[in-house]
Amino acid sequence: MKIIQAENYKDLSEKAAKFIIDYVRNKPDLVLGLATGGTPEGTYEYMVDDFKKNKTTYKDVKSVNLDEYVGLSPENPNSYHAYMYNHLFKHIDIPENQRNIPNGAADDLEAECKRYDQLIASLGGVDLQLLGIGHNGHIGFNEPGTSFEKRTHLVELTRSTRRANARFFNTIDEVPTHALTMGIKAIMESKHILLIASGKGKAEAMRRLICEENISEDFPASSLQDHSHVTIIADKEALSLAYNYERRA
């Protein structure tokens, strides 16, 4: 693992965006794995700003998103389709037919999971996967206890994960109970992983990821210890409990 410390969320977002932008410039036909939630918003803002100012092109990039809520149509404002469109896709030049997100409104969810895995395989796999990390160590929507052998699958969201996402809804009762997510095995097949984390609320999860050697399905992010190309960009607050983080830098 390579660990880059940022001063704060703004600095983290700028550093993460530059990492992705440099990757796109070096490999214009990049297969880019994208994440949602609060943490990547700043990264996407910097990517959009760079596109407007420096004209970095995404016309040959293929994107694949980690997950989508079950039961929300792509038009639902709380869907991850809508999130990605509003925060990134409508602002850059990536063609619509090159943006890929699981369909949480599919009639046959098992078939949709298989379709998504086949799609990723047809693209040659993910070159760079952007990840966040949950308070309980989940990556994507792979909750504690999820098998590391899973590919795209249906998952029931824990109460803590639904509570963390409730800020995007009117009430926690509106937060879907299930989601489709790329599994740990699929994530681990990405050629390079960029994990971003911000704030004191992520400090314990980052401590466990960076400082503990134990790899366990009880802490999904621990699987990243077995990946050969992981870059972590985290701010000081997120790294505040990982006092010996430099040993992995």
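This tour goes through a sheet, a group of aromatic rings and two pockets of a predicted model.

Residues are numbered from 1 along each chain as its sequence is written, and side-chain values use heavy atoms, with hydrogens and water left out. In this predicted model, local features need pLDDT of at least 70 and side-chain atom pairs count only at pLDDT 80 or more, while totals for chains, interfaces and linings use all residues.

**Stop 1: the sheet**

Select residues 67-69 (strand β4) and 178-181 (strand β8), then add residues 153-156 (strand β7). Helices (H or I, at least four residues) and strands (E, at least two) are DSSP runs, numbered from the N terminus. The three strands make an open, antiparallel sheet in the order β4-β8-β7. Its edge strands are β4 and β7, each pairing on one side only. From one strand to the next, the twist averages 25°, with axes being lines fitted to C-alpha atoms (for helices over the stretch in contact) and angles running from 0 to 180 degrees between N-to-C directions.

Two strands pair if DSSP finds at least two bridges between them. β4 and β8 are joined over three bridges, and β7 and β8 over four. Show E68, whose bridge partner in β8 is L180. On the β7 side, L154 stands opposite L180. Next, Y69 has A179 as its bridge partner in β8.

**Stop 2: the aromatic rings**

Keep Y69 and add Y44, Y80, Y83, F141 and F169: ring pairs link these residues into a cluster. Rings of Phe, Tyr and Trp (its six-membered ring) pair if their centres lie within 6.5 Å; planes under 30 degrees apart count as stacked, over 60 as edge-to-face and the rest as tilted. In the whole structure there are seven aromatic pairs. One of them, Y44 with Y83, is edge-to-face, at 6.5 Å centre to centre and 70° between the planes. This pair links distant parts of the chain, since Y44 lies in helix α2 (residues 40-54) and Y83 in helix α3, 39 residues apart.

Are Y44 and Y83 buried or exposed? Y44 is buried, with a relative accessible area of 0%, and Y83 is buried at 9%. Here buried means under 20% relative accessible area, exposed over 50%, and partly exposed in between (1.4 Å probe, protein chains only).

**Stop 3: the second largest pocket**

Stay with α3 (80-87) and add β5 (99-100); these elements each give two or more residues to the lining of the second largest pocket. A pocket is an open set of points on a 1 Å grid over the protein atoms alone, with protein on both sides within 12 Å along at least five of seven lines; lining residues have an atom within 4 Å of a point.

Select P74, H81, A82, Y85, F89, E96, R99, N100 and I101, which line this pocket. Helix α3 gives the largest share, three residues. The volume is about 240 Å³, counted as the space filled by probe spheres set on the grid points, which are joined across faces, edges and corners.

By class, five lining residues are nonpolar, two polar and two charged. Ala, Val, Leu, Ile, Met, Phe, Trp, Tyr, Cys and Pro count as nonpolar, Asp, Glu, Lys and Arg as charged, and the others, Gly among them, as polar.

**Stop 4: the largest pocket**

Finally, select I133, G134, H138, N165 and K202, which lie nearest the centre of the largest pocket among its 28 lining residues. The volume of the largest pocket is about 500 Å³. Helix α5 (residues 159-165) gives the largest share of its lining, four residues. That lining has eleven nonpolar, 14 polar and three charged residues.

Methods
On a 1 Å grid over the protein atoms alone, a cavity is a set of points where a 1.4 Å probe fits but cannot get out, and a pocket is an open set with protein on both sides within 12 Å along at least five of seven lines; lining residues have an atom within 4 Å of a point.
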